[in-house]
Amino acid sequence: MAVEEAGVSERLDRLFTPTPVAVAWRDRFVATLGAFAGILLTALICTWLMPGREGAMVLVASMGSSSVLLFAVPESPFGQPWQVIGGNIVSALSGAAAVQLFGHGPLAAATAVSLGVFGMAVLRCMHPPGGGASLLPVLDTHGSAAATFGFALFPVGFNAVVLVLVAILFHRFSGRAYPHPRGRGQ
């Protein structure tokens, strides 16, 4: 019995113990600064384009997770320009289509995410935060523009383009390579 308990304890310990990461503190600081700059510039531009309360609303929440990939792990294949821009747009379009087909609810949510995954796979722009972008139209039950196809271009596509441009400039000055060249077979 004690051996069995020790086995369970070891498995739980492996599941919930953080994996050691060999990331220098400078790189952690650079990633933090980059995420700050990317989101700040995106929010400021959106606020400038749409003054008033609506400006804050056009900063798409999934851009927060996109910024993690762009600034903390810019070498990730999921954080390259086509993946970020295409993945977010395709996913938002999938969410709008799901709302048109099924309204708001569990079936629409499942359809939105699955269509987003399929679209990203077909167009080779897999971007995990796209899953969040696909849910935005479904979760918008107040009838704002999120459930329309235009929402995929503005603000979702626009936010993604701004973040990618900030990432390109930021990494140029930080000394980190971005975007990364494609390997064979990608």
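**Figure 1. The whole chain has eight helices and zero strands.** This is a predicted model, and from the N terminus on its elements simply read α-α-α-α-α-α-α-α. Along its principal axes, the C-alpha trace spans about 60 × 45 × 40 Å. The chain has 186 residues, and 37% of them count as buried. Its accessible surface comes to about 10,900 Å², with 71% of that belonging to carbon and sulfur atoms. If you look at contacts with a separation of 6 or more, 77% of them are between residues 24 or more positions apart.

**Figure 2. Close-up of the side of α7 that holds its buried residues.** Gly130, Ala133, Ser134, Pro137 and Val138 are the ones to look for here; they are buried in α7. They sit on the same side of the helix because they cover an arc of only 150° around the axis. The background is plain helix geometry: with 3.6 residues a turn, residues three or four places apart point the same way. What do the buried residues of α7 pack against? Their partners are α4 (62-72), α5 (81-102) and α6 (106-122).

**Figure 3. Zooming in on Ser134 in helix α7.** Ser134 has a relative accessible area of 1%, so it counts as buried. A polar atom of its side chain lies 2.7 Å from the backbone oxygen of Gly131. Which residues does Ser134 contact once its neighbours within four places in sequence are left aside? The list is Ser91, Ala92, Gly95, Ala112 and Val113.

**Figure 4. Ala152, in the loop between α7 (130-139) and α8 (153-174).** Is this loop residue buried or exposed? Ala152 is buried, because its relative accessible area is 1% and the cut-off for buried is under 20%. Not counting residues up to four places away in sequence, Ala152 touches Ile89, Ala92, Leu93 and Gly157. Ala92 is worth a second look, since you have already met it among the contacts of Ser134. Ala152 and Asn88 are 64 residues apart along the chain, yet 7.8 Å separates their C-alpha atoms.

**Figure 5. A nonpolar patch on the surface, with Leu41 as one of its members.** The patch covers about 600 Å² and is made by Phe29, Leu33, Phe36, Leu40, Leu41 and Leu44. To get your bearings, find Leu41 in helix α2, which runs over residues 25-49. Leu41 has 38% relative accessibility, so it counts as partly exposed; that class lies between the buried limit of 20% and the exposed limit of 50%.

**Figure 6. Two salt bridges, one view for each.** How many salt bridges does the structure hold? There are two. In one of them, the side chains of Arg176 and Glu75 meet, with 3.9 Å from N to O. This pair links distant parts of the chain: Arg176 is in the segment after α8, Glu75 is in the loop between α4 and α5, and the two are 101 residues apart. Glu75 counts as partly exposed because its relative accessibility is 43%. In the other view, Asp27 and Arg26 pair up through their side chains at 3.6 Å, N to O. Asp27 is also in the partly exposed class, at 28% relative accessibility.

Methods
Residues are numbered from 1 along each chain as its sequence is written. This is a predicted model: local features need pLDDT of at least 70, side-chain atom pairs count only at pLDDT 80 or more; totals for chains, interfaces and linings use all residues. Side-chain values use heavy atoms; hydrogens and water are left out. Patches are made of residues with over 30% relative accessible area and no salt bridge: like charges are joined within 9 Å, nonpolar side chains (Val, Leu, Ile, Met, Phe, Trp, Tyr) within 5 Å. Accessible areas come from the Shrake-Rupley method with a 1.4 Å probe; for residues, only the protein chains shown count as cover. A salt bridge is a side-chain nitrogen of Lys or Arg within 4 Å of a carboxyl oxygen of Asp or Glu. Helices (H or I, at least four residues) and strands (E, at least two) are DSSP runs, numbered from the N terminus. Buried means under 20% relative accessible area, exposed over 50%, partly exposed in between (1.4 Å probe, protein chains only). Contact means heavy atoms within 4.5 Å. A polar contact is a pair of N or O atoms within 3.5 Å; within protein, one must be able to donate a hydrogen and the other to accept it, and residues adjacent in sequence count only if both atoms are side-chain atoms. The arc is that of the directions from the helix axis to the C-beta atoms.
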